[in-house]
Amino acid sequence: MTPFRYERADDAAAAVRLAADPAARYLGGGTNLVDLMREVVERPDTLVDVTALARGIAATDAGGLLIGAAVTNTQLAEHRAVRERYPVLARAILAGASAQIRNMATLAGNILQRTRCTYFYDTAGSRCNKREPGAGCDAIEGFNRIHAILGASGSPSPACVATHPSDMAVALVALDATVHLEGPAGARAMPLADLHRLPGGTPEHETNLLPGELIVAIELPAMPFAAHSTYRKVRDRASYAFALVSVAAALDVEGGTIRDVRLALGGVAHKPWRAWRAEAVLRGAPATEATFRAAAEAELADAVPLRDNGFKIPLATRTIVAVLGELSGTAVHAELTGEAA
Ligand code: SF4
């Protein structure tokens, strides 16, 4: 590990000041950043510890929740308002990592964690455009079972086919969360759906944060039908594994018709993937298996599989259909509910 300086901030303004150097990094629970430093993928010269900031969860005047960036995953998953009003979020958090890691990991750290592409971590022998721009990408012709099927493009091949690993971020994107930021130029906010980027030709730029910006809170809007929501994660083993495919969904059905819906996918793209196309198919349509399948197929129409991950397309289709069937109380064909890859 490369030597670094450690600073502890007492408030957001001090944190932003201490992190003015481009080689500084904000430190939350450290559950990903410290691993990256040990592997010499990240070499910050300063760590600014922000775990003393923003540890609360409060109701907003608009009827939503404002969640401090340093709230731990465990605190958030156990919070009564989250469990009752946004169960998709509590379930996504509990589907991620181990209890020990959830006790340490913070909200902001979780959504800013970096891909688990094995070539990204292999500094000794693998080419990686994300780690070293212009170097190439060994995943494209390599073992790419866990990689992206949506949102990666480029000629003659994409620059990067990594996936975003966070479960929590998928649920937050489905819930129309807003990110509140503090930075050298002041405070601002943006939809969480706009925080992460697709790789394009610059996979080293993973977010739309400006230099030195700090996430201080995430806001959830009032969304009464989100009380009827869930998260399903399909993975290679029952715990402590990243998603092959995951689905976050909230569904509002009345009289057999879908009044409203929120849908997002994990494990399929460089960012948490809001399923806008599927939502458009679903709104106003009958809550039937045929509708759910049409929505899934619309969302996955542009999917481009790699050598080892073509299974993700039918798997994502089946998982979307099964989750919407569960939330709507609609019986779906038995083969659609299977989780095996
Ligand atoms: Fe690097 Fe992305 Fe290629 Fe993985 S998929 S090796 S992170 S460029």
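Begin by selecting Met 1, which lies in the segment before strand E1 (5–8). The structure on the screen is a predicted model. Is Met 1 buried or exposed? Met 1 counts as exposed because its relative accessibility is 52%, and the term applies to values over 50%.

Next, add Phe 4 and Tyr 6 to the selection. Together with Met 1, these residues form a nonpolar patch on the surface. The accessible area of Met 1, Phe 4 and Tyr 6 together is about 310 Å².

Now turn to the interior and select Leu 76, Leu 89, Leu 172, Ile 215 and Leu 220. These residues belong to the largest nonpolar core, which has 42 residues, and they touch the most other members. Which helix supplies the largest share of this core? Helix H9 (residues 168–174) does, with seven residues.

Keep Leu 172 selected and display its surroundings. Leaving aside residues up to four places away in sequence, Leu 172 touches Leu 89, Leu 107, Ile 111, Ala 177, Leu 192, Ile 218 and Leu 220. Another core, of 32 residues, lies apart from the largest one. To locate this other core, select Val 247, Ala 249, Leu 251 and Leu 300, which are among its members.

Finally, select Phe 120 and Tyr 121. How many aromatic pairs does a search of the whole structure find? The search finds one, and Phe 120 and Tyr 121 form this pair. Their arrangement is edge-to-face, with 5.4 Å centre to centre and 90° between the planes. Both Phe 120 and Tyr 121 are buried, whereas Met 1, where the tour began, counts as exposed.

Notes. Residues are numbered from 1 along each chain as its sequence is written. This is a predicted model: local features need pLDDT of at least 70, side-chain atom pairs count only at pLDDT 80 or more; totals for chains, interfaces and linings use all residues. Side-chain values use heavy atoms; hydrogens and water are left out. A nonpolar core is a set of buried Ala, Val, Leu, Ile, Met, Phe, Trp, Tyr and Cys residues joined through side-chain atoms within 4.5 Å. Buried means under 20% relative accessible area, exposed over 50%, partly exposed in between (1.4 Å probe, protein chains only). Helices (H or I, at least four residues) and strands (E, at least two) are DSSP runs, numbered from the N terminus. Contact means heavy atoms within 4.5 Å. Patches are made of residues with over 30% relative accessible area and no salt bridge: like charges are joined within 9 Å, nonpolar side chains (Val, Leu, Ile, Met, Phe, Trp, Tyr) within 5 Å. Accessible areas come from the Shrake-Rupley method with a 1.4 Å probe; for residues, only the protein chains shown count as cover. A salt bridge is a side-chain nitrogen of Lys or Arg within 4 Å of a carboxyl oxygen of Asp or Glu. Rings of Phe, Tyr and Trp (its six-membered ring) pair if their centres lie within 6.5 Å; planes under 30 degrees apart count as stacked, over 60 as edge-to-face and the rest as tilted.
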